[in-house]
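Here's a quick briefing on the model below. Have a look at the sequence and structure, then read on for the salient spots.

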Amino acid sequence: ALPILEKYKEKPTTGRWTQQSSKMVKVTLGAECLARKGSMVAYQGNIEFDHKGSGGLKKMLENKMTGQGLSMMICKGEGEVFLAEDAADLHIVELNGRTININANNVLAMDASLQVETKRMESAGLPGGGFFHIEVTGQGTIVVMTHGTPMTIPVQGPTSTDVNATVAWSAGMRVSVSNQVRVQRNLYAGQLAEAGCLDFMG
């Protein structure tokens, strides 16, 4: 390879999930994983991508009632799969038996062994009448996407966040959708859209 390309070479595998760069992760298969459809950029080995599935977790994640547009594929076989999505920043989160609540729009991939449940918070002030997210728990890893560097906020009193800017929160939080709905400007399309807030209590 050209010397100038050396800094871009594949990173050595450091475990089941390896951070190749801030925008790409590598998963070493054996046990199956779930990945967002269209996120595979390369793979090595004997890998199969199942876009059909057979109910269970994948069926639940693709339920159109969630309104989240989260469509996953099953990655199985022996080898390595490289994943990325729209130059988003990627963060490898090991749950180690803990539970995390996450906006489905921010999910790139996860171990298939994790338990996932779709949740809905009702609010007449939001488009569709509510806010959907998924609750993920168990022994395994989830890869979270953000656009930019995320910030964690310790909730020591009433705290509110924009629905569209909220990525994830810890289990055990008391969360509700604020009745206050504001108008925000879509930064990309230059259009106005309604957005609500999530209210958190520790």
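Let's start out in a loop: Thr149 is exposed, because its relative accessible area is 79% (exposed means over 50%, buried under 20%, partly exposed in between, with a 1.4 Å probe and protein chains only). This is a predicted model, so local features need pLDDT of at least 70 and side-chain atom pairs count only at pLDDT 80 or more, while totals for chains, interfaces and linings use all residues. Residues are numbered from 1 along each chain as its sequence is written, and side-chain values use heavy atoms, with hydrogens and water left out.

**Overall picture**
- The protein has 1 helix and 17 strands (DSSP runs numbered from the N terminus: H or I of at least four residues for helices, E of at least two for strands).
- Of its 202 residues, 38% count as buried.
- About 11,500 Å² is exposed, and carbon and sulfur atoms supply 53% of that (Shrake-Rupley areas with a 1.4 Å probe; for residues, only the protein chains shown count as cover).
- Among contacts between residues at least 6 apart in sequence, 72% join residues at least 24 apart (a contact means heavy atoms within 4.5 Å).

**The loop and its neighbour**
- Thr149 sits in the loop between strand 11 (141–146) and strand 12 (159–162).
- Thr149 and Asp89 are 60 residues apart in sequence, yet their C-alpha atoms are 7.4 Å apart in space.

**Salt bridges**
- The structure holds 7 salt bridges (a side-chain nitrogen of Lys or Arg within 4 Å of a carboxyl oxygen of Asp or Glu).
- One of them pairs Lys26 with Glu80 at 3.7 Å, N to O. This pair links distant parts of the chain, with Lys26 in strand 2 (residues 24–28) and Glu80 in strand 5 (residues 72–83), 54 residues apart.
- Both ends count as buried: Lys26 has a relative accessible area of 1%, and Glu80 has 16%.
- Another joins Lys76 to Asp50, with the closest N and O atoms 3.9 Å apart. Here strand 5 (Lys76) is linked to strand 4 (residues 40–50, Asp50), across 26 residues.
- Lys76 is partly exposed, at 27% relative accessible area.
- Glu10, Lys26 and Glu80 belong to one network, joined by salt bridges that share partners.
- Glu6 and Lys9 also form a salt bridge, at 3.6 Å between the closest N and O atoms; Glu6 is partly exposed at 39%, while Lys9 is exposed at 52%.

**Cysteines**
- How many disulfides are there? The count comes to 0 (a disulfide needs a pair of cysteine sulfur atoms within 2.5 Å).
- The closest cysteine sulfur to that of Cys75 is in Cys33, 3.9 Å away, so it is too far for a bond.
- Cys75 is buried at 0% relative accessibility, and Cys197 is buried at 18%.

**Two strand residues**
- Asp111 lies in strand 8 (residues 107–111) and is buried, at 7% relative accessibility.
- The side chains of Asp111 and Trp17 share a polar contact of 3.2 Å (N or O atoms within 3.5 Å; within protein, one must be able to donate a hydrogen and the other to accept it, and residues adjacent in sequence count only if both atoms are side-chain atoms).
- Val175 is in strand 14 (residues 174–177) and is partly exposed at 22%.
- Leaving out residues up to four places away in sequence, Val175 touches Met121, Trp169, Leu198, Asp199 and Phe200.
- Val175 and Leu198 are 23 residues apart in sequence and 6.6 Å apart C-alpha to C-alpha.
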